[in-house]
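This report is for a reader who has not met the structure before. Please look at the sequence and the model first.

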Amino acid sequence: MRIRFSWLLLFLCLPLAVLAADALPRPTGAVVLTVSGSIANTNANSEARFDRVMLEKLGVRTLRTSTIWTTGIKTFEGVLVRDVMKAVGA
């Protein structure tokens, strides 16, 4: 009886594990970033593909700074790598 219960539990939980491993939505626009490797959350084979809208939902940060290569203050915008790594479960 205990073995049957274990198999039943496995079959009930297996779909949840598959859903957790494929937690990212699929991109609807052009893919601008692909992450692969040791990641838990994917949306295409064993990769995590992001379009611009998906990245913007992670939170765009703005940095205003000067550099030795440019004149004056420049503005840079983007997503923090740590937020992308968290989203893909790295």
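The text below goes from the whole chain to its core and then to one asparagine.

This is a predicted model, in which local features need pLDDT of at least 70, side-chain atom pairs count only at pLDDT 80 or more, and totals for chains, interfaces and linings use all residues. Residues are numbered from 1 along each chain as its sequence is written, and side-chain values use heavy atoms, without hydrogens and water.

The chain has three helices and four strands, in the order α-β-β-α-β-β-α from the N terminus. Helices (H or I, at least four residues) and strands (E, at least two) are DSSP runs, numbered from the N terminus.

| Property of the chain | Value |
|---|---|
| Buried residues (under 20% relative accessible area, 1.4 Å probe, protein chains only) | 18% of the 90 residues |
| Accessible surface (Shrake-Rupley method, 1.4 Å probe) | about 7200 Å² |
| Part of this surface belonging to carbon and sulfur atoms | 62% |

The largest nonpolar core (buried Ala, Val, Leu, Ile, Met, Phe, Trp, Tyr and Cys residues joined through side-chain atoms within 4.5 Å) has 10 residues, among them Leu24, Phe50 and Val88. Strand E2, helix H2 (52–58) and helix H3 (81–88) each give two or more residues to this core, and H3 gives the most, with three.

Beyond its neighbours within four places in sequence, valine 88 is in contact (heavy atoms within 4.5 Å) with Asn41 as well as with others, including Leu24 and Phe50.

Asparagine 41 lies in the loop between strand E1 (31–36) and strand E2 (47–51). Asparagine 41 is buried, at a relative accessible area of 16%. Its side chain reaches the backbone oxygen of alanine 87 at 3.0 Å.

Key:
Buried means under 20% relative accessible area, exposed over 50%, partly exposed in between (1.4 Å probe, protein chains only). A polar contact is a pair of N or O atoms within 3.5 Å; within protein, one must be able to donate a hydrogen and the other to accept it, and residues adjacent in sequence count only if both atoms are side-chain atoms.
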